[in-house]
Each structure stands twice: as structure tokens, then as C-alpha cells.
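The following exercises ask the reader to work from a sequence and a set of coordinates to statements about fold, burial and contacts. Each task is followed by a solution in steps.

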Amino acid sequence: MLPLPKIALTASDYPRLEQLARRAAQRGDLDGIFLLGEINRADIVPDEMNDRDSRVTVGSWVTFCTNWGVPRRTVQLVWPEECRSDSARISILSSLGAALIGLQAGDQMPYVVAGCLNVIRVQNVNRSSPNVVNLFPATRRSRPFDDDPGPTAA
């Protein structure tokens, strides 16, 4: 069996994660039970920790692959109410989300989906969207942008 990697949760995420997992576990939700187990074995670290940006936290973008040969995928780990129907967002209250929390690049983590054992390998963790490209610098304009060339001669 694969040894479980060390995981760390930020102090600011911990209270909400613990409350969410506890409520779900009390309802008998298996993903909530799994998440509660992960929270209980995690180190709780200050938000200012040195490797915070390299750890999967709520809001992180994570690139990973699985043992089932599924192509590499990048998703954002979010709170359940932020999940909507966007396939690029994974709820923390899912088996995949619970498996990802607190990991860093290179970590492997076993988790169960529909009775099947899976192993996820984290390849990259990013705090901002990997698909965002700033075309214009974020500066304030002193006047509104106006692209109207004005009146033209007929």
C-alpha cells in the first residue's frame, strides 16, 4: 500500500474545512468522512508559511494525473457552493477534492471513487489561474476608456 503523504492546512482554511467535513460526516457522507480524516492527520500551519503557494489550498489550481491513464488535468479546488457546473472546479467536499487538500507537487495520494481505488499524483500547484494572461497592465485610468473615434465626414 502507498504511504500517505504529509499534508498541511492553513490556519485560515482549517475552521471552515473542519465544520464542513464534520457536518457532512454526521449525515453519513463518505466524502465528508474522508475529508474529516484528512483534516485530523494534517499539520495546521500559519497562513504566512514559506511553502504556502506550493501547497494545495482552497482556491489553488492543481495539475494532476491518475493511475488510470487519464490525461493530465488542471482544476481549481473550491468550496462546495462555488462549484457550479464548471468542470474545471472541484469541490473540497468530493473524494478528489479531499484527496488534493494539503498536498504539494510530487505527492501521490490514494482515494476511492465508486468503490475503486485511485492514486492521484500532483504535478503542479498554482495560486492563480494558469490560463490568465494579462494583456493590459492593471493601472487606473484618470478618465474612462473611449474607443469612439468621434464624428466622421460623409
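## Exercise 1: Thr57 and its surroundings

**Task.** For Thr57, list the contacts that remain when neighbours within four places in sequence are left aside, and classify the residue as buried or exposed.

**Solution.** The coordinates are those of a predicted model.

Step 1. With neighbours within four places in sequence set aside, Thr57 is in contact with Thr10, Asp13, Leu77, Ile101 and Arg127.

Step 2. Thr57 is located in the loop between strand S2 (43–45) and S3.

Step 3. The relative accessibility of Thr57 is 2%, and the limit for a buried residue is under 20%, so Thr57 counts as buried.

Step 4. Arg127 lies 70 residues from Thr57 along the chain, yet their C-alpha atoms are separated by 8.5 Å.

## Exercise 2: Asp13, a partner of Thr57

**Task.** Place Asp13 in the chain, then decide whether it is buried or exposed and find its contacts beyond four places in sequence.

**Solution.**

Step 1. Asp13 belongs to the loop between strand S1 (8–10) and H1.

Step 2. Its relative accessibility is 12%, and therefore Asp13 counts as buried.

Step 3. Apart from neighbours within four places in sequence, Asp13 is in contact with Thr57, Val58 and Trp79. The contact with Thr57 also appears in the list for that residue.

## Exercise 3: Overall architecture

**Task.** How many helices and strands does the protein have, and what pattern do they follow along the sequence?

**Solution.**

Step 1. The count is three helices and seven strands.

Step 2. In sequence order, the pattern reads β-α-α-β-β-β-β-α-β-β.

Step 3. The protein has 154 residues, of which 38% count as buried.

Step 4. Taking contacts between residues at least 6 apart in sequence, 59% join residues at least 24 apart.

## Exercise 4: The nonpolar core

**Task.** Describe the largest nonpolar core: how many residues does it have, and which have the most contacts inside it?

**Solution.**

Step 1. As background, nonpolar side chains in soluble globular proteins tend to be buried together.

Step 2. The largest nonpolar core has 31 residues, and Leu17, Leu35, Leu100 and Ile101 have the most contacts inside it. Two or more residues of this core come from each of helix H1 (14–26), H2, strand S3 (61–66), S4, helix H3 (95–100), S6 and strand S7 (116–126).

Step 3. For Leu17, the contacts beyond four places in sequence are with Leu9, Leu35, Ile39, Val58, Trp79, Ile92 and Ile101.

## Exercise 5: The largest pocket

**Task.** Which residues line the largest pocket, and which element gives the largest share of the lining?

**Solution.**

Step 1. The lining consists of Leu30, Asp31, Ile33, Phe34, Ser95, Tyr111, Val112, Val113, Ala114 and Gly115. Helix H2 (30–41) and strand S6 (108–113) are the elements that give two or more residues to this lining.

Step 2. H2 provides the largest share, with four residues.

Step 3. By residue class, the lining has seven nonpolar, two polar and one charged. The space in the pocket is about 180 Å³.

Step 4. Ala114, one of the lining residues, lies in the loop between S6 and S7. With 78% relative accessibility, Ala114 counts as exposed.

Step 5. The phi angle of Ala114 is near 50 degrees, a positive value in a residue other than glycine. Most residues other than glycine have a negative phi.

## Exercise 6: Pairs of residues apart in sequence

**Task.** How far apart are Thr74 and Thr63 in sequence and in space, and what separates the C-alpha atoms of Asn126 and Ser60?

**Solution.**

Step 1. Thr74 is part of strand S4 (residues 73–78) and, at 32% relative accessibility, counts as partly exposed.

Step 2. The positions of Thr74 and Thr63 differ by 11 residues in sequence, with 4.1 Å from C-alpha to C-alpha. Their side chains make a polar contact (2.8 Å).

Step 3. Asn126 belongs to strand S7 and counts as partly exposed at 27% relative accessibility.

Step 4. Asn126 and Ser60 are 66 residues apart along the chain, and 5.8 Å separates their C-alpha atoms. Leaving aside neighbours within four places in sequence, Asn126 is in contact with Ser60 and Trp61.

Definitions and conventions:
Residues numbered from 1 in each chain as written. Predicted model: local features only at pLDDT ≥ 70, side-chain atom pairs only at ≥ 80, totals over all residues. Heavy atoms only, no water. Buried < 20%, exposed > 50% of the residue type's maximum accessible area, 1.4 Å probe, protein only. Polar contact = N/O pair within 3.5 Å; in protein donor to acceptor, adjacent residues only side chain to side chain. 1 Å grid on protein atoms, 1.4 Å probe; cavity = no way out; pocket = protein on both sides within 12 Å on 5 of 7 lines; lining within 4 Å. Points joined across faces, edges and corners; volume = space filled by probe spheres on them. Nonpolar A, V, L, I, M, F, W, Y, C, P; charged D, E, K, R; others polar. Core = buried A, V, L, I, M, F, W, Y, C linked by side-chain atoms within 4.5 Å. Contact = heavy atoms within 4.5 Å.
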